[in-house]
Amino acid sequence: MSKRSVAFWGLACAIVMVVACGSQEPQVRVAVLPADSEHVVRTSAQFTASVFGSLNRDVVWSLETIGGLSQPAAGSIDADTGIYTAPADIPRDAVNQIFVRAALRNDPSVSATATVKIIGPPLDP
């Protein structure tokens, strides 16, 4: 076999290996902590995001609500830092469930959420 044939077959085998095995990129995913939490009215808390499978770890934070809860009644979150501030009152006329969402800034389809419930301050004895 000539050197040219050996080189050709070596290259052909390498191509077959890549096609057969695939050149899979790691799956990119996001995790948010704390995943489930209760927050007292008028308090703030830090949420953190971990990004796996990507060197880009830049996320944007947002709130999502269900059951007719208006955005102001859900509190607020700093889009850059993940600091959540609970509303002044416990939501009473809607579902008291708020989702804190972290999404990759360069690919918002990659995201994760944490569940928040608003509670009242402890009662004095």
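How many bridges join strand 3 to strand 7, and in which direction do the two strands run? Before I answer, please note that this is a predicted model.

Strand 3 and strand 7, the latter covering residues 83-85, are joined by three bridges and run antiparallel. Within this pair, Ser44 has Thr85 of strand 7 opposite to it. The pair belongs to an open sheet of three strands, ordered 3-7-6, with antiparallel pairing. The edges of that sheet are taken by strand 3, residues 44-46, and strand 6, residues 76-77; each has a single partner strand, so one side of each remains without a neighbour in the sheet.

I turn next to His39, a residue of strand 2, which spans residues 36-40. Is His39 buried or exposed? Its relative accessibility is 8%, and because buried means under 20%, His39 counts as buried. Setting aside residues up to four places away in sequence, His39 touches Ala45, Phe47, Tyr84, Ala86, Val116, Lys117, Ile118 and Ile119. Of these contacts, Ala45 lies in strand 3, and Tyr84 lies in strand 7.

My last residue is Thr48, which is located in strand 4, residues 48-52. Thr48 has a relative accessible area of 41% and is therefore partly exposed, that class lying between the 20% and 50% limits. Which residues does Thr48 contact, leaving aside neighbours within four places in sequence? They are Ala31, Val32, Leu33 and Trp61. For Leu33, the C-alpha to C-alpha distance to Thr48 is 5.3 Å, although 15 residues separate the two in sequence.

Notes: Residues are numbered from 1 along each chain as its sequence is written. This is a predicted model: local features need pLDDT of at least 70, side-chain atom pairs count only at pLDDT 80 or more; totals for chains, interfaces and linings use all residues. Side-chain values use heavy atoms; hydrogens and water are left out. Helices (H or I, at least four residues) and strands (E, at least two) are DSSP runs, numbered from the N terminus. Buried means under 20% relative accessible area, exposed over 50%, partly exposed in between (1.4 Å probe, protein chains only). Contact means heavy atoms within 4.5 Å. Two strands pair if DSSP finds at least two bridges between them.
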